[in-house]
Amino acid sequence: MDKKHKTLGEFIIENQSSFQYSSGELSKLINAIRLAAKVVNHEVNKAGLIDILGAAGDTNIQGEDQQKLDVLANEKFIQTLKNREIVCGIASEEEDDFISINSQDEQHQNKYIVLIDPLDGSSNIDVNVSVGTIFSIYRRVTPVGTPVTIEDFLQPGDNQVAAGYIVYGTSTMLVYTTGDGVNGFTLNPAIGTFYLSHPNMQFPETGKIYSVNEGNYIHFPQGVKDYIKYCQQEEGDRPYTSRYIGSLVSDFHRNMIKGGIYMYPKSSKASEGKLRLLYECNPMAFLAEQANGKASDGKGRIMELKPTELHQRVPFFCGSTKMVEKAEEFIANALK
Ligand code: AHM
Ligand code: MG
């Protein structure tokens with residue numbers, strides 16, 4: 001078959017055999033995420049019709065309550081994964097606690113857990129700017145067949161089996177890794193099929209884009225301020241271009257294609273920054289490293305951090321290797 005026209009479904013089946021001892025469970029799980037992504041994509045695309053279809057809190061024509069899109073996305077992903085009996089536990093940025101999925105059926109004693117940010121970039125939802133879904137998959141560490149515990153979720157990012165995102169942008173794309181590079185699939189909305197459009201995605205080693213909320217500049221640590229000034233200096237290939245969408249998925253996606261760095265540092269207002277280690281930073285870090293990039297908390301690798309709580313926040317610097325290393329260098333120098 002012509003590689004250009006390979007569908008995500010075909011790609012998943014072809015790659016299943018490359019996992020040693022694969023039972024097909026992971027393939028089924030990625031298929032379930034693919035399905036939920038299409039459902040959420042449909043809802044996201046309707047968001048502009050909110051005045052016609054009814055705003056959150058209203059009752060629609062069928063007498064159903066309208067929901068906020070992020071709540072809806074959360075429900076769709078959880079429902080899909082639950083219905084297909086494909087995971088033993090789910091943790092979501094939208095839920096206070098993790099969800100344990102117990103199956104009586106021995107055939108459905110699954111070994112994978114999923115962590116998900118169902119709709120990231122929430123401030124962009126109502127203004128027709130790209131948002132995304134981020135997911136992260138681990139093998140449970142407690143015995144199969146018993147209820148999952150917090151231990152299963154508090155694993156370092158290095159233990160991830162797969163991770164990815166869906167970007168609901170000018171087109172909808174699903175980008176994921178199972179530890180063997182990063183591949184991107186674009187949805188053809190007319191027929192509801194994802195096609196392999198971006199095989200083997202790679203961050204350029206360096207780039208000319210920096211993405212950070214500069215409104216917080218005054219509150220940033222000195223090292224980060226110094227790095228931002230470095231990005232703005234006239235020298236060599238600098239000044240760099242500033243691009244900040246405020247949707248991590250979209251900023252990451254652009255930087256991976258064009259070369260750049262995304263930063264959400266800690267600040268005097270938020271001592272650990274804003275982004276969540278488990279739902280946002282670890283999956284993006286896995287993707288970045290698989291695409292030849294880097295992800296750091298300013299001092300070291302994100303994926304080596306041992307999580308202590310589900311909703312833990314962490315400073316985040318991610319993108320082209322040389323740019324992340326430069327930011328780390330400025331941060332280290334400011335602490336001397
Ligand atoms: P969210 O999970 O509430 O949507 O927050 C995460 C988002 C990221 O996608 C984005 O990069 C960042 O928050 C923007 O935050 P800020 O508005 O503080 O710059
Ligand atoms: Mg989020």
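Here is a short tour of a predicted model of a protein with a bound ligand.

## The big picture

Let's start with the whole chain. The protein has 336 residues, and buried ones make up 51% of them. Its secondary structure comes to 9 helices and 13 strands. The accessible surface adds up to about 15,700 Å², and carbon and sulfur atoms account for 47% of that.

How does the chain touch itself? Take the contacts between residues at least 6 apart in sequence: 66% of these join residues at least 24 apart.

## An open sheet

Look for the open sheet of 8 strands, where the pairing is mixed. Reading across, the strands come in the order S2-S1-S3-S4-S5-S6-S7-S8. At the edges stand S2 (99–100) and S8 (193–198), and each has a single partner strand, so one side of each has no neighbour in the sheet.

For a look at one pairing, try S1 (residues 89–92) and S3 (residues 112–120), which run parallel and are joined over 4 bridges. Here Ser92 sits opposite Ile116 of S3.

## Helices on the sheet

Two helices to pick out here are H1 and H2. Helix H1 (residues 8–16) packs on the sheet and touches S6 (172–177), S7 (182–188) and S8. Its direction makes about 10° with that of S6.

Helix H2 (residues 25–45) lies across S3, S4 (131–139), S5 (162–168), S6, S7 and S8. Against S5, helix H2 runs at about 15°.

## A mostly covered helix

How many residues of H7 (residues 248–258) are buried? The count is 9 of 11, so to speak a helix that is mostly covered. Among the buried residues are Leu248, Asp251, Phe252 and Arg254. Just after H7 comes Gly259, which has a positive phi near 95°.

## Around the ligand

Ligand 1 has 15 residues around it, and the closest are Asp120, Tyr244, Leu248, Tyr262 and Tyr264. Leu248 is also one of the buried residues of H7.

Which side chains come up in polar contacts with ligand 1? Tyr264 places a polar side-chain atom 2.5 Å from a ligand oxygen. The side chain of Asn213 has an N or O atom 2.8 Å from an oxygen of the ligand, and for Lys274 the distance from a side-chain N or O atom to a ligand oxygen is 2.8 Å. Taken alone, ligand 1 would expose 470 Å², and the protein buries 82% of that. Two elements, S3 and S11 (260–264), give two or more residues to the shell around ligand 1.

Notes: Residues numbered from 1 in each chain as written. Chains lettered and ligands numbered in written order. Predicted model: local features only at pLDDT ≥ 70, side-chain atom pairs only at ≥ 80, totals over all residues. Heavy atoms only, no water. Pairing = 2+ DSSP bridges. Contact = heavy atoms within 4.5 Å. Axes fitted to C-alpha atoms, helices over the stretch in contact; angles between N-to-C directions. Buried < 20%, exposed > 50% of the residue type's maximum accessible area, 1.4 Å probe, protein only. Near = heavy atom within 4 Å. Polar contact = N/O pair within 3.5 Å; in protein donor to acceptor, adjacent residues only side chain to side chain. Areas by Shrake-Rupley, 256 points an atom, 1.4 Å probe, with all protein chains shown as cover.
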